[in-house]
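Dear colleague,

I am passing on the model we spoke about, together with some notes on what was found in it. Please look through it before reading on.

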Number of protein chains: 2
Amino acid sequence: MAKRLETMEENRNKLVAAARKAFADRGFAAASMDELTADVGLTRGALYHNFGDKRGLFAAVVHQIDSEMALRAKEIARLADGDWQRLLAEGEAYIEMALDPEVQRIVLLDGPAVLGDPSKWPSQNSCLAATRQTVSTLLERKVIKPLDEEAAARLLSGAALNAALWVAASDSPKEVLPKAIEAFRAIASGLLAVDQS
Amino acid sequence: MAKRLETMEENRNKLVAAARKAFADRGFAAASMDELTADVGLTRGALYHNFGDKRGLFAAVVHQIDSEMALRAKEIARLADGDWQRLLAEGEAYIEMALDPEVQRIVLLDGPAVLGDPSKWPSQNSCLAATRQTVSTLLERKVIKPLDEEAAARLLSGAALNAALWVAASDSPKEVLPKAIEAFRAIASGLLAVDQS
DNA sequence: TCATTTGATATACGGTCCGTATGTGAAATA
DNA sequence: TATTTCACATACGGACCGTATATCAAATGA
């Protein structure tokens with residue numbers, strides 16, 4: 001019987017869930033591992049055994065959120081009508097996802113400071129990956145200018161990211177969101193190859 | 001005589017200089033205030049009297065770096081030939097400045113995590129401000145599409161920022177820098193109003 | 001010039017937190 | 001049933017931050 005593994009799995013899930021809440025509410029630095037583990041009836045012993053250290057637990061939380069974002073990005077892409085529309089839709093979806101306080105605090109603010117450049121994360125930043133994939137297709141079909149694939153993907157996701165941070169920091173997010181999306185579309189159109197002549 | 005004020009100023013400068021080095025080398029969290037102050041022959045007493053707390057000292061460092069960036073941005077803008085060229089030049093300058101490890105670690109990585117959204121910093125993020133200024137001019141002269149001023153400025157600086165992080169994280173920065181700049185120009189051109197018909 | 005006050009910095013202290021080393025008890029194993 | 005394993009708890013050491021208090025040179029005023 002595998003009761004050991006089962007409860008171990010449960011405990012890991014409990015810890016990640018508690019950590020997700022703590023990191024989102026207080027930020028990485030201010031989140032107390034003692035408090036977090038006690039909240040789910042464990043001690044730091046379980047934490048250090050399962051995740052190595054505080055950063056390890058943080059990385060697990062980032063990975064979880066990133067997976068959820070990837071799932072949503074895939075769904076968005078599936079619904080899109082054509083490659084170019086898909087690129088726009090992915091960017092807009094990224095902007096909207098970044099409005100979630102959890103995503104902002106954990107993935108966008110603390111993430112890079114704690115784990116370094118997103119391209120080196122274990123979760124490999126699914127949203128960037130999705131954009132890169134779509135850009136790759138558009139490059140093949142010569143829909144967009146012959147730019148470096150990674151460069152184009154980075155700039156697009158970077159623009160979307162900053163748009164999201166702006167929207168989130170504004171006084172009336174619901175009001176500026178359309179402006180952000182409009183600007184994103186404009187900027188993205190700069191990649192188009194056509195001088196529709 | 002104002003000897004008190006004079007040495008106080010000196011001490012502040014010493015502390016900021018030491019902090020700049022420590023924060024750049026180790027990051028905000030790992031920088032020890034004890035060690036930092038001892039390096040310049042002081043104790044934490046001076047630090048807490050002059051800057052309030054660790055974050056206060058960090059904010060002072062960010063402000064100093066930001067001022068230097070603003071100075072450089074102004075010089076770049078002055079040399080540019082025309083408003084549109086100025087916008088491009090500012091963006092490219094931003095990318096290049098972000099290659100400096102000090103700028104990356106302190107302003108781009110730890111800055112947002114420690115101080116929150118750049119738009120609320122005491123230094124008010126001079127590079128973003130410069131871009132906003134230029135965008136404003138271009139909007140008045142109808143050189144670019146009638147977008148929200150703040151949105152356009154944010155997306156542009158966001159794209160430049162991510163481009164810089166990508167270049168910096170790459171294996172051969174000097175090789176990918178031109179690709180990043182090329183992509184930035186493409187994206188920026190999406191803002192242009194002309195359907196050059 | 002000298003006594004007094006001010007305040008910039010040093011010193012001392014308490015509390016929190018992290019990472020590790022060691023203990024423990026239930027589950028797996030034979 | 002005896003033994004081993006190992007996931008987790010407990011205990012410890014050390015670093016660090018922020019504050020409260022002390023100190024001493026510089027400023028002030030007579």
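Which atom of DNA strand D does a polar side-chain atom of H49(A) approach? A polar side-chain atom of H49(A) lies 2.9 Å from a phosphate oxygen of the strand, where a polar contact is a pair of N or O atoms within 3.5 Å; within protein, one must be able to donate a hydrogen and the other to accept it, and residues adjacent in sequence count only if both atoms are side-chain atoms. From chain B, a polar side-chain atom of K54(B) lies 3.3 Å from a phosphate oxygen of DNA strand D, and a backbone N or O atom of A31(B) lies 3.2 Å from a phosphate oxygen of that strand.

This is a predicted model, in which local features need pLDDT of at least 70 and side-chain atom pairs count only at pLDDT 80 or more, while totals for chains, interfaces and linings use all residues. Residues are numbered from 1 along each chain as its sequence is written, chains are lettered from A and ligands numbered from 1 in the order in which they are written, and side-chain values use heavy atoms, with hydrogens and water left out.

In total, 22 residues surround DNA strand D, each with a heavy atom within 4 Å of it, and the closest are N11(A), T43(A), K3(B), R44(B) and Y48(B). Sugar and phosphate make up 70% of the strand's atoms that come within 4 Å of the protein. The largest share of this surface, 5 residues, comes from α3(A), helices being DSSP runs of H or I with at least four residues, numbered from the N terminus.

Best regards

Definitions and conventions: Helices (H or I, at least four residues) and strands (E, at least two) are DSSP runs, numbered from the N terminus.
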